[in-house]
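Work through the exercises below with the model open. Try each task before reading its solution.

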Amino acid sequence: MLSNIKQAFKIKELRNKIIFTFLMILVFRIGATIPVPGINTKIIQQMVSGNNLLSLYNMFTGGAFSNFTLFALGISPYITASIIIQLLTIGFENLAELQKSGEEGKKKIGKYTKYIALALATLQAIGITLGIVKKALVTDSLFFIVTVIITLISASMLLMWIGDKITEKGLGNGSSLIIFVGIISRVPVDIISITGQVKSGQIALWMTIILVVVVLITMLAVTFIQESTRKIPVQYAKRVVGRKMYGGQSSHIPMKVNQSGVIPIIFASSLLAFPQTIALFAGPKAQAFVNQYMTTATEPGFWITRSLEVLLIVFFSYFYTAVSFNTEDISKNMKNNGGFIPGIRPGQPTIDYLNRILSRITLAGATFLALVAMVPAFMTHYMQINMSLAGTSLLIVVGVALELKRQLESNLVMRSYQGFLK
């Protein structure tokens, strides 16, 4: 990886992409340290420490929420809007057609996603300001409250723009990278906190060692499942064109065990954090219900939340795989080029065969991801060790890191081939 980065800096275009990504991340981290004026952050930090859903939300924002900085809303409105749009494509044919209509269709869907993100950011900003952090406001004047709400909405839209620009001009998926940076920025704080607890005797040293070993094994397991691929053999028939013979070679269709990457985990985490926002508008009874049954702090809440997380990871794995891996298009392209899977007839039998294999490996990959997410979560819950890099967050970090590595390598290969052809 280090040699790839060193090689990338020798290529001007890749160097510019890396520098641009770094500068955008720097802007994000600077914004995550500038506090919204007139807020007593000590009150917010006490609320976050006693609420696991708020702790999860705070982790994704890189500590911006507990310190109530400009990016306190984080990228969650945009991610939730993306989930809504993806789900709407199932029920509305017009959206499904737009998604398949090339670059123009994607631009229109992107525009709709941003409008929904703006509406969600507005709702969240109002709910958080008038609900969660109302006690932390130094004054209850209407002008001040409106100023705080507008600041949160504007900063969230700026963060959405930063994510889009990273995707467009930098390396990796911008939204995933922002969450990745937010999570790893909390790791030094966790290390200092756990070290202090071990020294004071609050946590046994052997428990910490076991947790570190489990985290390392989890990272290896996630890397294995992310890189695992099922290769479907494809044979191309020989064709005579003029005096030359074409085809006859063998190839394969790579089907990744985890085709959707880290997206299902991010979507699942975002949806699990959404009930807290809804409860703010529903009143004290709804908030009490959410705090009892939708947080990992309580025993019933822990099992309910983790069960829902597993189901959502499996659901979004299937959903995103169906969107990103179109077996009909693959079968059609194979048929047009004289390709076929040995022992399988072209056309519908090939589609059915690919769908059957895709369904099986997606179930295996999604189940494995869900189990891997649960093991560190159970460890931290029952050992009473607060650690950001565990469970879902660990999957996100490893998944995004592997995607970044893969994209960097593909860019290097592409530039190498271009230079060779010249």
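**Exercise 1. Take stock of the chain.** How many helices and strands does the chain have?

Solution. The chain has 17 helices and five strands. Helices (H or I, at least four residues) and strands (E, at least two) are DSSP runs, numbered from the N terminus. The model is predicted: local features need pLDDT of at least 70, side-chain atom pairs count only at pLDDT 80 or more, and totals for chains, interfaces and linings use all residues. Residues are numbered from 1 along each chain as its sequence is written, and side-chain values use heavy atoms, with hydrogens and water left out.

Next, burial. Of the 422 residues in the chain, 45% are buried. Buried means under 20% relative accessible area, exposed over 50%, and partly exposed in between (1.4 Å probe, protein chains only).

Then contacts, meaning heavy atoms within 4.5 Å. Among contacts with a separation of 6 or more, 73% join residues 24 or more positions apart.

**Exercise 2. Check two helix lengths.** What spans should α7 and α11 have at 1.5 Å a residue?

Solution. The expected span is 1.5 Å times one less than the number of residues.

- Helix α7 (residues 102-132) has 31 residues and should span 45 Å; its end C-alpha atoms are 42 Å apart, which agrees.
- Helix α11 (residues 205-227) has 23 residues and should span 33 Å; its end C-alpha atoms are 34 Å apart, which agrees.

Now list the buried positions. In α7 they are G105, I109, T113, A117, L120, A121, Q124, A125, G127, I128, T129 and I132. In α11 they are M207, T208, L211, V214, V215, T218, A221, V222, I225 and Q226. To read such lists, recall that an α-helix has 3.6 residues a turn, so residues three or four places apart point the same way.

**Exercise 3. Classify two helix pairs.** At what angles do α6 and α7 cross, and α8 and α9 pack?

Solution. Axes are lines fitted to C-alpha atoms, for helices over the stretch in contact, and angles run from 0 to 180 degrees between N-to-C directions. Angles under 35 degrees count as roughly parallel, over 145 as roughly antiparallel, 65 to 115 as roughly perpendicular and the rest as oblique.

Start with helix α6 (residues 93-100) and α7. Their axes come within 6 Å and cross at roughly 130°. The pair is therefore oblique. From α6, L95, L98, Q99 and K100 make the contact; from α7, G102, G105, K106, K108, I109 and Y112 do. These residues divide into four nonpolar, three polar and three charged. Here Ala, Val, Leu, Ile, Met, Phe, Trp, Tyr, Cys and Pro count as nonpolar, Asp, Glu, Lys and Arg as charged, and the others, Gly among them, as polar.

Move to α8 (residues 142-169) and helix α9 (residues 174-184). Their axes are 7 Å apart, at an angle of about 115°. The two helices are therefore roughly perpendicular. L159, I162, G163, I166 and T167 of α8 meet G174, S175, L177 and I178 of α9. The contact residues divide into five nonpolar, four polar and no charged.

**Exercise 4. Find the core.** Which residues touch the most other members of the largest nonpolar core?

Solution. A nonpolar core is a set of buried Ala, Val, Leu, Ile, Met, Phe, Trp, Tyr and Cys residues joined through side-chain atoms within 4.5 Å. In the largest, with 76 residues, the answer is F65, F68 and I396. Helix α8 gives the largest share, 12 residues. A second, separate core of 12 residues includes V234, I253, M255 and L354.

**Exercise 5. Follow F68 and V36.** Where is F68 found, and is F68 buried or exposed?

Solution. F68 is in the loop between α4 (52-60) and α5. At 1% relative accessibility, F68 is buried. Its phi is near 45°, a positive value in a residue other than glycine. Not counting residues up to four places away in sequence, F68 touches P35, V36, I39, I44, I128, V133, V148 and L152.

Now take V36, in the loop between α2 and α3 (41-49). V36 is buried, at 4% relative accessible area. V36 and V148 are 112 residues apart in sequence, yet 7.1 Å apart C-alpha to C-alpha.
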